[in-house]
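Dear colleague,

Please find below the structure that I am handing over to you. The findings follow directly after it.

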Amino acid sequence: MSANFHRIVILTGAGISAESGIDTFRSAGGLWEQHRVEDVATPEGFARNPDLVLNFYDMRRAALANVAPNPAHMALARLEREFRGDLLLVTQNVDDLHERGGSARVLHMHGELKSALCASCETRAPWLDAMLHRPPCPVCQAPSLRPDVVWFGEMPYQMGRIYQALEACDLFVSIGTSGAVYPAAGFVQEARAAGARTLELNLEPSEGSSLFHDTRLGPASVMVPQWVEEMLGG
Ligand code: BJW
């Protein structure tokens, strides 16, 4: 694939962080194995058992200290630095491995582990500590903080900006995502409707694999640096 593109949208999912040691959602032994999705990733689950959910996210936030970005994260940071056109990196991941890999502009459509959302005043604030003990909101002081992540039934962040970029892009690349969760699973169709070329990089074909012009199978730590090298004309 040559560098003959001007506006690229890249979507990443749990697969890009798998080789860093973060479980994917839908693999054996993944997060859903230990917790039912209804219990930890819905507003209803949070209302039913807030301690379980706060503790689940406290543990995942703390676990970030034990993982590091892999060559796939670093390759996308290199692309951001060296590509001469427009690039929008959209991630469904709530980890911070893109940033730690060197990407400066990352759109976290499903929120971030290192951010808190106040259920009382709706402030979003950087947050590194635990939430289980109900710390006060830094703005309104209410003990109403929750993880700043997007659960099922909630609206992902910055959809207007994402759809605008999809409508204008000439290349859409999906990396390490199963295509099981909307609206991200529908991005490939939006990009195709806009006339973009579409490429999937994944360990195995995703649910929507047939929607892509091209699919390349293999681990992200190999496939992403290889593709970035091609894009930059190496
Ligand atoms: C590798 C690899 C390696 C492994 N190298 N690859 C019926 C039909 C259609 C839609 C709906 C429906 N009923 C309900 C809905 C909507 C619902 C939905 O999609 N439900 C589905 C279950 C059907 N969606 C929502 O509710 C969303 N909101 C919404 O739709 O609002 C309305 C709206 C309307 C119009 C426009 C816009 C919005 C919200 C979804 C929120 C998802 N939240 C979660 C949790 C976030 C917080 C947290 O992390 O705890 O987000 S769920 C979970 O899934 C997480 C992920 O970001 C997301 C996607 O998972 P991902 O990244 O794809 O991971 P996996 O595990 O599924 O796949 C891993 C992939 O990696 C695999 O493909 C492997 O092959 C690959 N891989 N190792 C490369 N080494």
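Strand 4 (residues 111-118) and strand 5 are antiparallel and are joined by three bridges; strands are DSSP runs of E with at least two residues, numbered from the N terminus, and two strands pair if DSSP finds at least two bridges between them. Within this pairing, Leu117 has Arg124 as its bridge partner, and Ser115 has Pro126. The two strands form a hairpin with five residues between them, and Glu122 in the turn has a positive phi of about 65°.

This is a predicted model, in which local features need pLDDT of at least 70, side-chain atom pairs count only at pLDDT 80 or more, and totals for chains, interfaces and linings use all residues. Residues are numbered from 1 along each chain as its sequence is written, and side-chain values use heavy atoms, with hydrogens and water left out.

Strand 4 is also joined to strand 6, by five antiparallel bridges; here Glu112 has Asp148 as its bridge partner. The result is an open sheet of three strands in the order 5-4-6. Strand 5 (124-126) and strand 6 (145-149) each have a single partner strand, so one side of each is left without a neighbour in the sheet. The twist averages 45° from one strand to the next, with angles taken from 0 to 180 degrees between N-to-C directions of axes fitted to C-alpha atoms.

Six of the eight residues of strand 4 are buried, so this strand is largely enclosed by the rest of the structure; buried means under 20% relative accessible area (1.4 Å probe, protein chains only).

Yours sincerely

Terms used: Helices (H or I, at least four residues) and strands (E, at least two) are DSSP runs, numbered from the N terminus. Buried means under 20% relative accessible area, exposed over 50%, partly exposed in between (1.4 Å probe, protein chains only).
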